[in-house]
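Q: I am new to this structure and should like to learn how its features are read. Where should one begin?

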Amino acid sequence: MKEIKHYINGEYVGSASGKRFDNVNPVNGQTFAKVHEAGREEVDAAVKAARAALDGPWGKMTLDERTRILHKVADGINERFDEFLEAECLDTGKPKTMASHIDIPRGAANFKVFADMIKNVPTESFEMATPDGTGALNYAVRRPKGVIGVISPWNLPLLLMTWKVGPALACGNTVVVKPSEETPTTTALLGEVMKDAGVPDGVYNVVHGFGGDSAGQFLTEHQDVDGFTFTGETSTGETIMKSAAKGIRDISLELGGKNAGLVFADCDMDKAIEGTMRSAFVNCGQVCLGTERVYVERSIFDEFVARLKEEAEKLRIGPPDDESANFGPLVSLKHREKVLSYYQQAVDDGATVVTGGGVPDMPEQYAGGAWVQPTIWTGLSEDSAVVTDEIFGPCCHIQPFDTEEEAIDLANRLPYGLASAIWTENVSRVHRVAGQIEAGIIWVNSWFLRDLRTPFGGSKQSGIGREGGVHSLEFYTEMKNVCIKL
Ligand SMILES: NC(=O)c1ccc[n+]([C@@H]2O[C@H](COP(=O)([O-])OP(=O)(O)OC[C@H]3O[C@@H](n4cnc5c(N)ncnc54)[C@H](O)[C@@H]3O)[C@@H](O)[C@H]2O)c1
Ligand SMILES: O=C/C=C/C=C(\O)C(=O)O
């Protein structure tokens with residue numbers, strides 16, 4: 001059976017302990033690879049390699065050389081597009097039609113965008129007066145932060161990992177990546193691309209394993225890592241923050257959400273339905289930016305619910321290779337248990353199940369997979385756990401509202417603040433509502449429309465810091481001010 005090893009100092013290496021865990025295909029529940037689980041020893045070797053590479057050729061490279069290499073990394077992903085696609089879909093079960101448009105192209109773009117950006121960002125300077133009349137000049141320079149620990153989730157594995165590794169390397173750092181235990185393959189494969197592109201050994205390192213008492217914890221406890229960039233659950237973010245506190249290491253956290261979609265009666269209904277469909281069901285609902293809470297103005301509520309139901313029932317469930325399928329399984333049977341527990345909770349709490357609510361009938365070869373039905377509810381209290389917890393599944397609860405103020409209050413009532421989607425054709429309303437929603441990202445008449453130069457991240461319990469464009473530099477560099485008395 002295929003083995004997935006760590007990538008440390010430019011070599012694929014196994015675990016000294018011999019510990020391995022199963023990599024399971026969520027389409028059929030079958031194990032297709034064994035993944036080496038890192039102990040403290042492998043994590044330490046990876047961090048040492050990353051530290052040494054900072055002082056090696058990587059640290060001495062000109063910006064031009066470094067960014068040329070990062071373009072080669074992007075080209076390398078594109079040249080091996082089909083391999084990345086195959087690997088990502090085997091790990092996640094997602095439709096190839098989706099991963100070939102979103103996951104893999106963004107994996108490449110994340111290197112190009114930051115390689116180009118880093119060459120064009122100025123730093124500030126200030127001239128100042130001094131009592132003796134000669135004056136002084138201040139100028140700022142940016143330096144790499146050092147060794148960055150990257151801890152990534154399973155929902156968009158290559159996209160979310162490279163979203164951090166791209167800017168980290170563009171800024172001259174080195175990285176130790178701990179991908180999700182559910183989806184290690186593309187992160188491992190990227191090591192080959194790095195090598196071929198001429199990235200010096202030790203710049204990109206990968207250790208596999210779980211979170212607590214495994215590679216994730218060992219990495220965040222390692223005192224020679226200078227900062228951690230993490231995407232994942234809010235509760236894991238809290239744990240990582242605590243580890244990072246020891247030694248005062250910096251953090252960038254992109255965490256969970258329970259995002260609201262607000263649909264006003266003056267919306268373009270076709271656009272609102274199409275966008276809400278994607279925001280609730282794309283990637284089987286496993287997108288942090290998804291809208292699991294949809295609030296619809298009462299006068300169009302019945303029509304909206306009926307049309308969303310009709311569209312949800314048209315989703316075509318199937319495995320990655322089925323080109324007619326646009327809806328895959330959840331990432332794992334374990335995650336399915338969680339999602340199904342909320343499907344049950346909704347019924348227990350008195351929801352009207354508009355559509356779905358269970359497990360679809362699948363042909364025998366897929367019966368062991370992590371399939372669930374796309375699900376829509378109405379009629380729940382705003383205090384039901386189904387409406388307050390991030391489920392991270394293909395489901396949404398739709399609730400009517402009467403006034404703009406009420407819609408805003410409903411959107412803001414949870415401790416999360418990641419994203420929101422507003423559907424209206426009234427431009428004054430757009431500004432009023434967007435200004436008052438407590439979230440890091442507001443989409444108007446769109447959803448998950450991404451310009452990689454924009455600030456991306458969450459407020460409240462959805463994160464700390466912003467990544468994207470120049471905002472990534474805040475985290476991936478140290479700013480140093482030089483003050484010269486003239
Ligand atoms: N805000 C965003 O941009 C964004 C993007 C994608 C996903 N997410 C969130 O991610 C979650 C789903 O992903 P997940 O289930 O993989 O999240 P998770 O928090 O369970 O795991 C994420 C990563 O953290 C590691 N980890 C877990 N415990 C750890 C510990 N104690 N120390 C160090 N590392 C640890 C895991 O092994 C994995 O690599 C959802 O909450 C979703 O909203 C957020
Ligand atoms: O599931 C979360 C999706 C996050 C998306 C990004 O981080 C991005 O588009 O850069």
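A: Let us begin with a definition: a salt bridge is a side-chain nitrogen of Lys or Arg within 4 Å of a carboxyl oxygen of Asp or Glu. Please keep in mind that this is a predicted model.

Q: Why can such side chains pair, and how many salt bridges does the rule give here?

A: Side chains of opposite charge can pair when their charged atoms come close. By the rule just stated, the count comes to 34 salt bridges.

Q: Which residue forms a salt bridge with D224, and where in the chain do the two residues lie?

A: D224 forms its salt bridge with R51, and the closest N and O atoms of the pair are 3.1 Å apart. This pair links distant parts of the chain, with the two positions 173 residues apart in numbering. D224 sits in the loop between α9 (215-221) and β11 (227-231), whereas R51 belongs to helix α1 (residues 40-55).

Q: How is the chain divided into domains?

A: A domain need not be a single run of the chain, as the assignment here shows: domain 1 comprises 2-256 + 462-485, and domain 2 comprises 260-444. Taken over C-alpha atoms, the centres of domain 1 and domain 2 are separated by 31 Å. Their contact takes 24 residues from domain 1 and 30 residues from domain 2.

Q: What area is buried between domain 1 and domain 2, and which residues of domain 1 supply the most of its share?

A: The area buried between the two domains is about 2000 Å², and carbon and sulfur atoms give 60% of it. On the side of domain 1, V27, W154 and S462 supply 26% of the area buried against domain 2, more than any other three residues.

Q: How many salt bridges and polar contacts are counted between domain 1 and domain 2?

A: The count between the domains is one salt bridge. D321 and K96 form a salt bridge, their closest N and O atoms being 2.7 Å apart. There are also nine residue pairs in polar contact between domain 1 and domain 2, both residues being at pLDDT 80 or more. On the side of domain 1 that touches domain 2, the elements giving two or more residues are α4 (81-92) and α5 (96-99). By class, that side has eight nonpolar, 10 polar and six charged residues.

Q: Which residues come nearest to each ligand?

A: One reads a ligand site by listing its surrounding residues and then its polar atom pairs. Around ligand 1 there are 30 residues, the closest being K178, E181, T236, L255 and E390. An oxygen atom of ligand 1 is 2.6 Å from an N or O atom in the side chain of K178. For T236, the corresponding side-chain distance to an oxygen atom of ligand 1 is 2.7 Å. S152 instead offers a polar backbone atom, 2.8 Å from an oxygen atom of ligand 1.

Ligand 2 has 13 residues around it, of which R106, N155, L160, C288 and R450 come nearest. An N or O atom in the side chain of R106 is 2.7 Å from an oxygen atom of ligand 2. A polar side-chain atom of N155 also lies 2.7 Å from an oxygen atom of this ligand.

Note on methods. Residues numbered from 1 in each chain as written. Chains lettered and ligands numbered in written order. Predicted model: local features only at pLDDT ≥ 70, side-chain atom pairs only at ≥ 80, totals over all residues. Heavy atoms only, no water. Domains from an automatic or database assignment. Contact = heavy atoms within 4.5 Å. Buried area = accessible area lost by both parts, 1.4 Å probe. Polar contact = N/O pair within 3.5 Å; in protein donor to acceptor, adjacent residues only side chain to side chain. Helix = DSSP H or I, 4+ residues; strand = E, 2+ residues; numbered from the N terminus. Nonpolar A, V, L, I, M, F, W, Y, C, P; charged D, E, K, R; others polar. Near = heavy atom within 4 Å.
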